[in-house]
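Hi,

Here is the structure we talked about handing over. Have a look at it first, and then read on for my notes on what turned up.

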Amino acid sequence: MTDTHTPHRRRWMSILARASAAELRAHLADGPGLPAHAPLRGPEIGLVMLRGRMGGDGAPFNLTETTVTRCTVEMAGRMGHATVLGRDQGQAELAAVLDAALQDPPLGLFTQVVEPLAAAQAQARALTARRAEATRVQFFTLAAMR
Amino acid sequence: MTPGFANPVLGAQSSFRAVLYTLSHPGSIRELKDAPHAPAPLNPAAAALALALCDADTSLWQDGGSAIAEWLRFHTGAPPAPLHEARFLIATGAAPPLASLALGSDEAPQDGATLFLQVAALEAAPGWRLTGPGIEIATDLRVTGLAPGFAAQRAALASLFPRGIDIVLCAGSMIAALPRTTRIEVT
């Protein structure tokens, strides 16, 4: 039994959760075939409380409730989980199916599905960061001369 | 891991309705539709009751082993608790000593435990004669698979009323309930 709680898995679950159902379907379509899966729970829509920390690293507080959709599937004896923001049940199910498959991936699944999504998401983040950076205002102060 | 209710809302609602009915009409037998298939030795009725009644706020004790513990943790999130504290108990084998369970208090008798007790079979036939609240005259219930001293052990708690425990007998996907106010006469 492989250890499933790895940083590797956290990374791909994070990437899958941020991909839309259309993107997941498109990448799956031209990827390797996956074993059959069976539903275990969901997809079901519910609310979670997002927590923040004061000043980024202080006392925790309740930030807001948000809608999430979760799904758990079983594939070849392994469980795949996904929790995604929003109400897209298809997205949650596809992400769960991929999470199950990636625990023992057929050849090429990683490079055909996860890496392109990771690259696209990194690019989108970089674009947002660049746009935000362009609006940064630099403040200069002059020290009083004696 | 196996799935829970095929339809989570309707499965939970119909199971809750069945438990409500059987507790209100002690000795009546009801079948739980859409009872899920859980790992042995948890039977479908007990599994359905756990899904319908237990969640992250209800402590749960069970004697069926780690496969069942995992199934219940995944589907209900119910925190495990020791025998004398648990709010809900699932006994897949012999009934635990009833006097050791949480009995509630005089101010909060509802804190007494609810025991889902698996048995081999339930029939509306002579065996036990039940009387008490919810029963117009008497109801016959034959339970197969209980140790002989069970009815006496349960009767010993009757003097503690309003404290006590409530029991739901589970056979396959059928249930029958014994609230603490029901009197059993072994015939």
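Let me start with a question: at what angle do the axes of helix 2 and helix 3 of chain B cross, and within what distance do they come? Keep in mind while you look that this is a predicted model, so everything below is computed from it. The axes of those two helices, residues 44–53 and residues 66–76 of chain B, cross at roughly 35 degrees and come within 9 Å. The crossing of helix 2 and helix 3 of chain B is right-handed. On the helix 2 side, the contact is made by Ala47(B), Ala50(B) and Leu51(B), and helix 3 of chain B brings Trp71(B), Leu72(B), His75(B) and Thr76(B). Sorted by class, that contact has five nonpolar residues, two polar ones and no charged ones.

Chain A has a helix pair worth a look too. Helix 2 (residues 21–29) and helix 4 (residues 109–134) of chain A have axes that come within 9 Å and cross at roughly 145 degrees. This crossing of helix 2 and helix 4 of chain A is right-handed. If you want to click on the residues, helix 2 of chain A puts in Glu23(A), Leu24(A) and His27(A), while helix 4 of chain A puts in Gln112(A), Val113(A), Pro116(A) and Leu117(A). Here the split is four nonpolar, two polar and one charged.

Now for where the chains meet. Six residues of chain A touch six residues of chain B. About 490 Å² is buried between chain A and chain B, with carbon and sulfur atoms giving 68% of that area. In chain A, the residues that lose the most area to chain B are Leu40(A), Arg41(A) and Met79(A), which together account for 80% of what that side buries.

What about polar pairing and charge pairing? Between chain A and chain B there is one residue pair in polar contact, with both residues at pLDDT 80 or more. The rule finds zero salt bridges across this interface. The elements that give two or more residues to the side of chain A touching chain B are strand 1 (38–53) and strand 3 (78–85) of chain A. Strand 1 of chain A gives the most, with three residues. By class, the residues on that side of chain A are three nonpolar, two polar and one charged.

Salt bridges do turn up elsewhere: a search of the whole structure gives nine over all chains. One I'd pull up is between the side chains of Arg9(A) and Asp99(A), at 2.5 Å from N to O. Arg9(A) sits in helix 1 (residues 7–17) of chain A and Asp99(A) in helix 3 (residues 89–102) of chain A, so this pair ties together parts that are 90 residues apart in sequence.

Last, a few backbone details. In chain B, the peptide bond from Ala40(B) to Pro41(B) is cis, with omega near 0 degrees. Pro41(B) is in the loop between strand 1 (29–31) and helix 2 of chain B. Phe161(B) and Pro162(B) are also joined by a cis peptide bond, with omega at about 10 degrees. You'll find Pro162(B) in the loop between helix 4 (150–155) and strand 7 (166–171) of chain B. Over in chain A, Ala76(A) has a positive phi, near 50 degrees, in a residue other than glycine. Ala76(A) belongs to the loop between strand 2 (60–75) and strand 3 of chain A.

Cheers

Definitions and conventions: Residues numbered from 1 in each chain as written. Chains lettered and ligands numbered in written order. Predicted model: local features only at pLDDT ≥ 70, side-chain atom pairs only at ≥ 80, totals over all residues. Heavy atoms only, no water. Contact = heavy atoms within 4.5 Å. Buried area = accessible area lost by both parts, 1.4 Å probe. Salt bridge = Lys/Arg side-chain N within 4 Å of Asp/Glu carboxyl O. Polar contact = N/O pair within 3.5 Å; in protein donor to acceptor, adjacent residues only side chain to side chain. Helix = DSSP H or I, 4+ residues; strand = E, 2+ residues; numbered from the N terminus. Nonpolar A, V, L, I, M, F, W, Y, C, P; charged D, E, K, R; others polar. Axes fitted to C-alpha atoms, helices over the stretch in contact; angles between N-to-C directions. Left-handed = near helix turned anticlockwise from the far one by under 90°.
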